[in-house]
Amino acid sequence: MTKSGGADPRKTDVKVSLIGGHRLAGATLHERTVTASLIGGADIDLTDVDIPDGAELRITKLSLIGGVSLRVPHNVRVDVRGLRLGGVRDDGPSEPGGPTVRVDAWGLIGGVSIRRA
């Protein structure tokens, strides 16, 4: 995760496509990321990122069809919000405290899958 410094401490990354998803690695993300597509999901890998305790990383996914596949370290809390047909699958509890990744997933079809490293 790149920390914004200087004049704009709250930079937002925006990724847009009509058809096709987005593959995002943690080193290229800022504190806020928005991905939008008509058809296509988002594959986000944050396993190689050292997110500071108390920090919040926000990811917003907008699509008609397409879900979110998120990989996070074991100490990261994940908060999933939004409206979509498809559930949330989290393969284990996170430890109390630590950083937070907030996922706002908005779409018709597509769930959110969270895997911990």
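**Cavity lining, parallel sheet and nonpolar core of an all-strand chain**

Strand S9 makes the greatest contribution to the lining of the largest cavity, supplying four residues. The model examined here is a predicted one. In this model, S5 and S9 each provide at least two residues of the cavity lining. The full lining consists of Lys61, Ser63, Gly66, Gly67, Val68, Arg84, Ala105, Trp106, Gly107, Ile109, Gly110 and Gly111. The space within the largest cavity amounts to about 50 Å³, and a search of the whole structure returns one cavity of 30 Å³ or more.

The protein chain contains zero helices and 10 strands, so that, with helices and strands taken as DSSP runs, its elements read β-β-β-β-β-β-β-β-β-β from the N terminus on. Of the 117 residues in the protein chain, 41% are buried. Contacts between residues at least 6 apart in sequence were also examined, and 60% of these join residues at least 24 apart.

Five of the strands form an open sheet with the order S2-S4-S6-S10-S8 and parallel pairing. Strand S2 (22-25) and strand S8 (88-90) are the edge strands, each pairing on one side only. From one strand to the next, the twist averages 10°. Strands of a sheet pair through backbone hydrogen bonds, in either a parallel or an antiparallel sense. Within the present sheet, S4 and S6 are paired in the parallel sense over four bridges, and Asp45 stands opposite Arg71 in S6. On the S10 side, five bridges join S6 to S10, and these two strands run parallel. Leu70 stands opposite Ile114 in S10, while the bridge partner of Val72 in S10 is Arg116.

The side chains of S6 alternate along the strand. Val68, Leu70 and Val72 point to one face and are buried, whereas Ser69 and Arg71 point to the other face and are not buried. Val68 also belongs to the lining of the largest cavity, and Leu70 and Val72 are among the members of the largest nonpolar core that touch the most other members.

This core comprises 20 residues, of which Ile44, Leu46, Ile51, Leu70, Val72, Val101 and Ile114 touch the most other members. At least two core residues come from each of strand S4 (42-45), strand S5 (56-65), strand S6 (68-72), strand S9 (100-109) and strand S10 (112-116). The surroundings of Leu70 illustrate the packing: apart from its neighbours within four places in sequence, Leu70 is in contact with Ile44, Leu46, Ile59, Val78, Val101, Val103, Ser113, Ile114 and Arg115.

Strand S5 includes Leu57. Leu57 is classed as buried because its relative accessibility is 1%, against a threshold of under 20%. The C-alpha atoms of Leu57 and Leu29 lie 8.9 Å apart in space, although 28 residues separate the two in sequence. Leu57 is also one of the residues touched by Thr100.

Three residues of strand S9 were considered individually. Thr100 is located in strand S9 and, at 11% relative accessibility, is therefore counted as buried. Not counting residues up to four places away in sequence, Thr100 touches Ala55, Glu56, Leu57, Val76 and Arg77. Asp104 likewise has its place in strand S9. With a relative accessible area of 7%, Asp104 is buried. When its neighbours within four places in sequence are left aside, Asp104 is in contact with Arg58, Ile59, Thr60, Lys61 and Arg81. One of these partners, Lys61, is a lining residue of the largest cavity.

Gly107, also found in strand S9, counts as partly exposed because its relative accessibility is 22%, a value falling in the range between under 20% for buried and over 50% for exposed. Beyond its neighbours within four places in sequence, Gly107 is in contact with Ser63, Leu64, Leu83, Arg84 and Leu85. For the pair formed by Gly107 and Leu83, the separation is 24 residues in sequence and 6.4 Å from C-alpha to C-alpha. Gly107 itself lines the largest cavity, as do Ser63 and Arg84.

Technical notes. Residues numbered from 1 in each chain as written. Predicted model: local features only at pLDDT ≥ 70, side-chain atom pairs only at ≥ 80, totals over all residues. Heavy atoms only, no water. Core = buried A, V, L, I, M, F, W, Y, C linked by side-chain atoms within 4.5 Å. Buried < 20%, exposed > 50% of the residue type's maximum accessible area, 1.4 Å probe, protein only. Contact = heavy atoms within 4.5 Å. Pairing = 2+ DSSP bridges. Axes fitted to C-alpha atoms, helices over the stretch in contact; angles between N-to-C directions. 1 Å grid on protein atoms, 1.4 Å probe; cavity = no way out; pocket = protein on both sides within 12 Å on 5 of 7 lines; lining within 4 Å. Points joined across faces, edges and corners; volume = space filled by probe spheres on them.
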